[in-house]
Amino acid sequence: MISIDLLQHQPSAELTAESSIRLNEVIKCIFKSKRATVLTGAGISCNAGIPDFRSSDGLYNLVKAKFPKTVVKGQDLFDISLFRNEISLAIFCTFMESLYKSSLNAKATETHKFIKILKDKNKLLRCYTQNIDSLEGSINLNLGINLNEFDDCKNFIQNWKSLDVVQLHGNLHKLSCTNCFSNFDWNESYQSQLANGLNPQCSKCYEKYEERLYSGKRLTGNIGLLRPDIVLYGEHHPQSEILAQGLNVDLRAKPDLLIVMGTSLKVDGVKKLVKSLSASIHDKGGKVIFINKTPLSKQWENYFDYEILSDCDSFVRILK
């Protein structure tokens with residue numbers, strides 16, 4: 001694996017001859033690609049205007065201010081364990097509403113626009129993202145797995161190929177029922193309830209409950225609660241079979257490039273995805289490129305051809 005450190009490079013200074021040659025090799029790989037796959041993480045949204053979790057005015061501290069007596073680690077805000085009691089569940093609701101509200105004002109970054117350019121030039125096979133902010137939708141990239149559409153096995157390949165961006169961890173801009181799994185759009189009422197630490201009731205579950213009640217039938221099941229349609233640490237992924245089947249469709253399409261941007265590759269499912277794509281791409285003589293501010297660990301040396309240490313948007317500007 002060849003490493004190119006652009007973080008130490010001053011804008012006014014020239015790159016060393018070696019780094020310049022290697023960087024041009026990377027750029028050539030991207031421009032020659034005909035079926036590129038991209039994997040993105042939180043690092044591509046840092047410049048989008050979404051506040052981080054650690055700064056003094058970050059979302060984590062806003063949550064701590066509302067619940068000063070409860071200790072919750074930043075990483076636990078995305079953990080299913082928050083559903084263990086009413087206080088931690090209220091923290092989860094408040095945090096998610098704050099994150100949703102901030103994402104409404106966020107703007108797509110240079111890196112998001114780069115993915116759109118790949119699509120417009122018919123180079124993009126698929127973009128997989130760990131992000132839940134749906135910023136790709138603001139630049140007319142098609143994203144979001146509709147479970148009802150994918151129930152039809154006959155049209156699976158057609159439905160999968162229509163997706164520009166596959167959201168591996170769900171979509172913050174949709175709410176889903178914990179009982180019947182129906183999807184809902186946010187509205188003012190739901191937003192107000194979540195901001196106050198409350199989960200709205202599922203209207204579809206309630207309709208079924210009333211229907212049974214008034215028809216004199218035995219009351220069964222529960223009325224579900226609405227929560228953001230995202231996958232939390234420690235819970236089963238409801239779309240795991242669709243994602244596995246879709247990845248096989250993409251592998252059969254013989255991608256010739258993988259660009260990993262803005263992620264430190266710590267999540268197990270994402271690690272497996274990268275390893276599968278990397279093996280397939282290398283078998284076809286393609287290249288695998290990593291772009292992030294934090295370097296890779298040694299376990300990845302055989303999976304990547306190039307490691308570029310850089311802010312993702314800064315690298316895209318060099319490409320331009």
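How exposed is Glu 25, going by its relative accessibility? Glu 25 comes out at 25%, so it counts as partly exposed. The legends below all refer to a predicted model.

**View 1. A salt bridge along helix α1, from Glu 25 to Arg 22.** Here the closest N and O atoms of Glu 25 and Arg 22 sit 2.9 Å apart. Both residues belong to helix α1, with their positions 3 residues apart, or about one turn of the helix. Arg 22 has a relative accessibility of 25%, so it counts as partly exposed. Glu 25 gets the label partly exposed as well, at 25%. The pair isn't on its own, either: Glu 18, Arg 22 and Glu 25 are linked in a network of salt bridges. If you're tallying, a search of the whole structure turns up 9 salt bridges.

**View 2. Glu 110 meets Lys 320 in a salt bridge.** The N to O distance between these side chains is 2.7 Å. Distant parts of the chain are linked by this pair, with 210 residues separating the partners. Glu 110 is in helix α4, which covers residues 110–120, while Lys 320 belongs to the segment after α11 (312–319). How buried or exposed is Lys 320? Its relative accessible area is 66%, so Lys 320 is exposed.

**View 3. A salt bridge between buried partners, Arg 126 and Asp 250.** Their side chains meet at 2.7 Å, N to O. Arg 126 comes from strand β3 (residues 124–129) and Asp 250 from helix α9, so the salt bridge ties together parts 124 residues apart in sequence. Arg 126 is buried, and Asp 250 is too.

**View 4. A patch of positive charge on the surface.** Which residues gather here? They are Lys 34, Arg 35, Lys 254 and Lys 284. Take Arg 35 to start with: you'll find Arg 35 in the loop between α1 (17–32) and β2 (36–40). Arg 35 has a relative accessibility of 33%, so it counts as partly exposed. Lys 254 sits in another stretch of loop, running between α9 (240–252) and β8 (257–261). At 46% relative accessible area, Lys 254 is partly exposed. Its backbone deserves a look as well: Lys 254 isn't a glycine, yet its phi is positive, at about 60 degrees.

**View 5. Positive phi at Leu 265.** Leu 265 has a phi of about 55 degrees, a positive value, although it is not a glycine. Leu 265 lies in the loop between β8 and α10 (268–283). Is this loop residue buried or exposed? Leu 265 has a relative accessible area of 1%, which means that it's buried.

**View 6. Ile 291 and its contacts.** Ile 291 is part of strand β9, made up of residues 287–292. With a relative accessible area of 0%, Ile 291 is buried. Setting aside neighbours within four places in sequence, what does Ile 291 touch? Its contacts are Ile 259, Val 260, Met 261, Gly 262, Ile 308, Ser 310, Cys 312 and Phe 315. For Cys 312, the C-alpha atom is 6.4 Å from that of Ile 291, and the two residues are 21 residues apart along the chain.

**View 7. A nonpolar patch on the surface.** Tyr 206, Tyr 209, Leu 213 and Tyr 214 make up this patch, and together they have about 430 Å² of accessible area. One of them, Tyr 214, belongs to helix α8 (residues 203–214). Its relative accessibility is 67%, so Tyr 214 counts as exposed.

**View 8. Zooming out to the protein chain, with its 11 helices and 10 strands.** The protein chain has 320 residues, and 48% of them count as buried. Its accessible surface is about 17,100 Å², with 49% of that belonging to carbon and sulfur atoms. Among contacts with a separation of 6 or more, what share is between residues 24 or more positions apart? In the protein chain, the share is 71%.

Definitions and conventions:
Residues numbered from 1 in each chain as written. Predicted model: local features only at pLDDT ≥ 70, side-chain atom pairs only at ≥ 80, totals over all residues. Heavy atoms only, no water. Patch = residues over 30% accessible without salt bridge, like charges linked within 9 Å, V, L, I, M, F, W, Y side chains within 5 Å. Areas by Shrake-Rupley, 256 points an atom, 1.4 Å probe, with all protein chains shown as cover. Salt bridge = Lys/Arg side-chain N within 4 Å of Asp/Glu carboxyl O. Lys, Arg positive; Asp, Glu negative; His and termini not counted. Charge placed at Lys NZ, Arg CZ, Asp CG, Glu CD. Helix = DSSP H or I, 4+ residues; strand = E, 2+ residues; numbered from the N terminus. Buried < 20%, exposed > 50% of the residue type's maximum accessible area, 1.4 Å probe, protein only. Contact = heavy atoms within 4.5 Å.
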